[in-house]
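Reader: Got a minute to go through this model with me? I'd like to keep it quick.

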Amino acid sequence: LAASPELYPAFLKLGALTSVLSLLAHDNTDIVADAVALISELTDAEAAGEAEDEVEALLDAVEREGGLSALAMALVRMDETSPDEAAAVTGVLACFENASAAGERFAAAIVAKTCFLEWVLKRINVSAFDTNKAAASEVLAILCQSAPKARDALVAKEGGLDAVLRAIAPYKRRAPAGGDEEEHLQNLFDVLCCAVTGSQAGRIAFMAAEGVELMCIVARSKEAAPAARVAAFRALDFACARNGAACERLVDVRGLGTVFAAFMGKGAAAVGKKGKKGDDGDALSDERVVSLVASLATELDEADARLDRLLSKFVESDYEKLDRLFELLDGYLERFQYADDALPANMDEAEREVELLDRGLFSARLVGCILAVLWTSGDEGARFHIIGLLELRGKGRAFVAALVRDHLAGLGADEGNEKL
C-alpha cells in the first residue's frame, strides 16, 4: 500500500485507518509495533515520491481520529529493553518526523494534543545513549523549528528548558562518543537556540534555568567537544541579542574572560581554531564572538560598571584586543569585497544585500558598532589608538559612522539602539 499512495483515498473510505489506529491501544505490544510500522510507512512522504497530497490527507485523518495522541501513548507503554518494543519507539518517532515534515499544523498538534513533550523531555535525560535517544532529540528539534507553537509550548512548560539544559550538561566534561551522539548534542543545542531566539519568554526561561552559566562552562571547558563550545557561543549570542539582562548575567558570572579568550584565539575557548585557515567553522566562530561582544557593548547601560569592565578589556595589554578587532575587520571587509566583485552586476539589490551581509558585511558593521561605543566611552587612549588604526588603513571616523548608520538602517526603526 505504501508503494501505491494513489490507493490512500480508498484506504480511508473503507475505514481501514480507523482499524489500524485502534490497534495502537492493543494489549499485545507486538501488534502495536506492527501498527506503528504500517503508519510510519504510509506517512513517509519521501518513499511516496510526489504523492504529498495523499500523504497529507492521510495525516489529516490520523489527526482527526486521535491517531497522534494514540501514537504518543504507545511511546509511554513501550519497554525499550525489549528490541521489538525499542523498534516500535523508533517507528513512532519516525511517524512524528513524517508528520512534522508535512506541515507546521501537524507539528503543533503533536505538542498540543499529545503527551509527547512530557515523554521526550524525560527520554533525552536518560543517562545511557542509544539511537532512540538521538531520534528523540532530533524530533524535538524538528518540532520546535517547524512550528512556533511547538517551541512556545516547550518554553511555557514548567521545567521544559531546564530539561534541555540538563541533557546538555553532561557534555561540559566529555565529548560525544561517536557520530550519532554528536548529532544528538547538536539537536539539543538546536532546540535551545530555537527557544531562545523565538521569544522573550524563551530568553527569560533560559536565564531562570541558569543557561548563561552552563553555556559559559561549556564554552571554556577543555573536556567539551569543539563543536559543543561553538554551539555554546551560539546560544549565548542568541540569548544576549537585544537582551540587556542576559548581558548583565554574563558579566556577573565572569563570562568576559571566556568571551575574550575566544576573541583572541586563546585557550579552550578558542573555538574552531584547529581547522584550516579560512574554514567556514573558523569564520563562524569569529563572527559569533564578535556578535556577542557587540551585544554586550550596545546592551549594557552606559552608567553600569559592567560596561566599564567590558571596555577595559580593549584597553588592557597595550590595546591588543583593539588591534585584534581591526584584524577581524580587515578579514570581513576582504570577504565582502571579494563577494561584491564576484556577484553578477545585474543581481537583484535585495538579494545582493542579503548575500553580502552573509559574506562579511554584517560582521563589519558590528565591529563598527563596537568601535562607536569605545569612542563614546571617552577614553582618550582608546580614541587615539582607534584613529591610528583607521589612518593606517586610509580611513577615518566617517568610515565607522557609515558602518553604524548602515547597521541601524538594516535593523529598522523599532530595533535601533539609543546608545548608537
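Reader: What does Glu-210 do just after helix 13?
Author: Glu-210 takes a positive phi of about 60 degrees there. Helices here are DSSP runs (H or I, at least four residues), and strands are runs of E of at least two, numbered from the N terminus.

Reader: Before I go on, what kind of model is this?
Author: This is a predicted model, where local features need pLDDT of at least 70, side-chain atom pairs count only at pLDDT 80 or more, and totals for chains, interfaces and linings use all residues. Residues are numbered from 1 along each chain as its sequence is written, and side-chain values use heavy atoms, with hydrogens and water left out.

Reader: Back to helix 13. Which of its residues are buried?
Author: Helix 13 spans residues 200-208, and its buried residues are Gly-202, Arg-203, Ala-205, Phe-206 and Met-207. Buried means under 20% relative accessible area, exposed over 50%, and partly exposed in between (1.4 Å probe, protein chains only).

Reader: What covers them?
Author: The cover includes helix 10, helix 11, helix 12, helix 14, helix 15 and helix 16.

Reader: Helix 10, then. How do its axis and that of helix 7 cross?
Author: At roughly 25 degrees, with the axes coming within 7 Å. That makes helix 7 roughly parallel to helix 10. Angles under 35 degrees count as roughly parallel, over 145 as roughly antiparallel, 65 to 115 as roughly perpendicular and the rest as oblique. The axes are lines fitted to C-alpha atoms over the stretch in contact, and angles run from 0 to 180 degrees between N-to-C directions.

Reader: Which residues meet?
Author: From helix 7, Glu-104, Ala-107, Ala-108 and Val-111; from helix 10, Pro-148, Lys-149, Ala-150 and Ala-153. Contact means heavy atoms within 4.5 Å. The residues divide into 6 nonpolar, no polar and 2 charged. For that split, Ala, Val, Leu, Ile, Met, Phe, Trp, Tyr, Cys and Pro are nonpolar, Asp, Glu, Lys and Arg are charged, and the others, Gly among them, are polar.

Reader: And Arg-151: buried or exposed?
Author: Arg-151 counts as buried, at 14% relative accessibility. Arg-151 lies in helix 10. Leaving aside neighbours within four places in sequence, Arg-151 is in contact with Cys-144, Cys-194, Ala-195 and Gly-198.

Reader: New topic. How many aromatic pairs?
Author: The count comes to 5. Rings of Phe, Tyr and Trp (its six-membered ring) pair if their centres lie within 6.5 Å; planes under 30 degrees apart are stacked, over 60 edge-to-face and the rest tilted. Phe-96 and Phe-116 have ring centres 5.1 Å apart and planes at 75 degrees, so the pair is edge-to-face. Phe-96 lies in helix 6 and Phe-116 in helix 8, so the pair ties together parts that are 20 residues apart in sequence. Both Phe-96 and Phe-116 are buried.

Reader: Which aromatic cluster do Phe-96 and Phe-116 form with Trp-119?
Author: One cluster, made of Phe-96, Phe-116 and Trp-119.

Reader: What sits over the ring of Phe-399?
Author: The charged end of Lys-395, 4.6 Å from the ring centre. The rule needs NZ of Lys or CZ of Arg within 6 Å of the ring centre and within 35 degrees of the ring normal. Lys-395 is in the loop between helix 21 and helix 22. Lys-395 is partly exposed, with a relative accessible area of 33%.

Reader: Last one. How many helices and strands in the protein chain?
Author: There are 22 helices and 0 strands. Of the 420 residues, 50% count as buried.
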